[in-house]
Amino acid sequence: MAVPSAADRKRRPILLSLSLFLLLSALLVLLFLFLGPSTQSLAFLPSRLASRPSTPSLPTPHHHQHSPTPIPTPASSADSHLNAPASSVEKADASTPDAPSAVAVPGGSGTSDPSRPVHDTTGSQRPVDDDDDDGAVAQVRWETCKVRRGVSSPADYIPCLDNIRAIKALRSRKHMEHRERHCPAPPPRCLVRTPAGYRLPVPWPQSRDMIWYNNVPHPKLVEYKKDQKWVTKSGDYLVFPGGGTQFKDGVARYIQFVEQIMPTIQWGTHTRTVLDVGCGVASFGGYLLDRNVITMSLAPKDEHEAQIQFALERGIPAFLGVIGTQKLPFPDNAFDVVHCARCRVRWYENGGKPLLELNRVLRPGGFFIWSATPVYREEKRDQDDWNAMVTLTKSICWRTVVKSQDINGIGVVIYQKPASNSCYLERKTNEPHLCSEKDGSRFPWYASLDSCILPTASDETKNSPLLWPERLVRYTRIPYDSATTEKLDADTMYWKQVISDVHSNDFPVNWSSVRNVMDMNAGYGGFAAALVDQPLWVMNVVPIGQSDTLPVIFSRGLIGVYHDWCESFNTYPRTYDVLHMSDLLGSLTKRCDILDVAAEVDRILRPGRWFVLQDTMDMIKRMRPVLRSLHYETVVVKRQYLVATKSFWRPGASR
């Protein structure tokens, strides 16, 4: 073997050093390209690797905007939702993992900017903006909700519907007062526990027919309705055969029968929005989705155990509500069709107020489909109910379009609301009278039922809804002028760009697994319109105190409700895949604490799913530590969006 020369021995350390330098340089370049230029982003390597799901590109249909009408803020409980004292923000939970620092969260102040344009991505190297993130976690000691005796299950807690103390104090329950909203003050700042064995829902469309039993572990309906094919249990699943009390041959045949006896209903073109009162497990609305009809399935939280929870777990639009003493949180003239199949509402009681409420939310020329025993049975009680219904419908000028029975003898009657005021003015007796300013505000939030008939405005007569899907991009309930048209076009372009450029490309959201979305500040429904071709549906919420745009949303063939986000929403826990809040947090936290808002977001959102906050960086920096205290994984995108993924963590349990 040759012996190295002295020169070779001198060069060897230099060559080794050069090789190591080149190797380290190459590694640093690779890390720089993968993580971006910030050294702080190294800490997010595991989460970024885990948050790269397959996100299919989303289509972007058009939508519009119009000059809004201010919504009055109700005085019923505003004072009880003031900012919480500083003592309510406690020491950080000892179980909070990897908390580099902690910050206190004040009650709330700040402004939102709804006119903020889409972030300009020209030349952007990466969408994630965590350069100035200090990893702060809010000092909050979260606890699971402790509910009173009388609540069906701690895992199903709905604060404004499970206020047992307020319900016990009611003077009467004759008109379903105990099923209406009774919100506790202050709102409970706690987290609803998750049922044992909970798992991510069965994906759509399989979920329409079967769901995990452990996600909604309620067996009573299985036994109670076993002969009516509402729901059965099969192993780990609850199975929904598509039956019902009035659907002897299945709900699909029932829907077909209705169209046969009244072809003008034209499911999916002439009829787009439906309110199904007393919906059961919402199979009627679930099967109408195949016809391009979106149904607001409505039922109270009552002895029909968790029927609305079943519906939402199935992926069907549904809402907890009752026609009792207060108006439903829908605008006037909203729905194309109202449906009731054995919904157990005595429409003529209390001076006919329940039916007058249906008349209020039904658009001029719309239809009421009623399938119940008074329509086809001869017993005295049924006939008395039928005669009372005949008298009441005549008094409010409803026309009987058709009355028929299917091959099983199940009867259906279909009424039509008048499209103008001419019949009202020609009545021999003015009873019920036409509503006027003397009857109070028309806004339905915490408002008593009307005892009067909502008159048809002249523009409602002229501007009946267009056929679907044309109505999505053309409004019939707004004045058409150049300024309005420009606003509509600008709003259309805005959401079109946001959905296609940001949500579908830069968010750690697996849109292919999303079945439903709640837009917490819906505006004109543009966000929902941009998602309309996806296999999901959107609950559009118009917050109290914001512009009254819900009539426009319904005119577009979309659905939604009014709500005050300082109170709990009428839904069960763990019922939505995505909560989207745009430019609302600043004004909201002037009236209620950001911790209470976060607790309600956590209650509604399913584990493993996403909360998207679009707001100023000031609002994002205030909400992010709160969500981290809930063990959410968070990321900021383009300094305008906070995307937070809910974990399965609950207080007192391992992460």
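In the predicted model, the largest nonpolar core comprises 139 residues. The residues with the most contacts inside this core are L275, F330, W347, F368, W370, F611 and M623. Among the secondary-structure elements, helix α17 gives the most to the core, contributing 7 residues. In soluble globular proteins, nonpolar side chains tend to be buried together. The surroundings of F368 illustrate the packing in this core. With neighbours within four places in sequence left aside, F368 is in contact with V338, H339, C340, W347, L355, L358, L362, M389, W398, V413, I414 and Y415. A second core, separate from the one described above, has 21 residues, and I255, W267, Y287 and V337 are included in it.

Disulfides were examined next. A disulfide is a covalent bond between the sulfur atoms of two cysteines. A search of the whole structure gives 6 disulfides. When the bonded cysteines of the chain are numbered in sequence order, the pairing reads 1-4, 2-3, 5-6, 7-8, 9-10, 11-12. Three of the disulfides are described here in detail.

The sulfur atoms of C145 and C190 lie 2.1 Å apart, and the two residues form a disulfide. The torsion about this S-S bond is about 95°, so the disulfide between C145 and C190 is right-handed. C145 is located in the loop between β2 (136-138) and α3, and C190 in the loop between α3 and β3; the pair therefore ties together parts that are 45 residues apart in sequence. C145 and C190 are both buried.

A disulfide is also formed by C160 and C183, with a sulfur-sulfur separation of 2.0 Å. Because the torsion about the S-S bond of C160 and C183 is about 115°, this disulfide is right-handed. C160 belongs to the loop between β2 and α3, while C183 belongs to the loop between α3 and β3, so that the pair ties together parts 23 residues apart in sequence. C160 is buried, at 1% relative accessibility. C183, at 22% relative accessibility, is partly exposed, because the limit for a buried residue is under 20% relative accessible area.

In the third disulfide, the sulfur atoms of C435 and C452 are 2.0 Å apart. The torsion about the S-S bond of C435 and C452 is about 100°, so this disulfide is right-handed. C435 lies in the loop between α11 (422-426) and α12 (458-462), and C452 is likewise in the loop between α11 and α12, the two being 17 residues apart. C435 has a relative accessible area of 10% and is buried; C452, with a relative accessible area of 2%, is buried.

Charged side chains were considered last. The count of salt bridges comes to 28. One of them joins E567 and R181, whose closest N and O atoms are 2.7 Å apart. E567 is found in the loop between β15 (560-563) and β16 (576-582), and R181 in the loop between α3 (164-168) and β3 (210-212), so the pair ties together parts that are 386 residues apart in sequence. The relative accessible area of E567 is 4%, and this residue is buried. R181 counts as buried at 13% relative accessibility.

R208 forms a salt bridge with D290, with the closest N and O atoms 3.0 Å apart. Since R208 sits in the loop between α3 and β3 and D290 in the loop between α6 (283-288) and β7 (294-299), this pair ties together parts that are 82 residues apart in sequence. R208 counts as buried at 14% relative accessibility, whereas D290 is exposed, with a relative accessible area of 59%.

A further salt bridge lies within a helix. E600 and R603 form a salt bridge in which the closest N and O atoms are 2.9 Å apart. Both residues lie in helix α17 (residues 594-604), at a spacing of 3 residues, or about one turn of the helix. E600, at 9% relative accessibility, counts as buried, and R603 counts as buried at 4%. Helix α17 is also the element that gives the most to the largest nonpolar core.

Salt bridges also occur as a network, which links K327, D332, E357, R360, R442 and D450.

Methods: Residues are numbered from 1 along each chain as its sequence is written. This is a predicted model: local features need pLDDT of at least 70, side-chain atom pairs count only at pLDDT 80 or more; totals for chains, interfaces and linings use all residues. Side-chain values use heavy atoms; hydrogens and water are left out. A salt bridge is a side-chain nitrogen of Lys or Arg within 4 Å of a carboxyl oxygen of Asp or Glu. Helices (H or I, at least four residues) and strands (E, at least two) are DSSP runs, numbered from the N terminus. Buried means under 20% relative accessible area, exposed over 50%, partly exposed in between (1.4 Å probe, protein chains only). A disulfide is a pair of cysteine sulfur atoms within 2.5 Å. A nonpolar core is a set of buried Ala, Val, Leu, Ile, Met, Phe, Trp, Tyr and Cys residues joined through side-chain atoms within 4.5 Å. Contact means heavy atoms within 4.5 Å.
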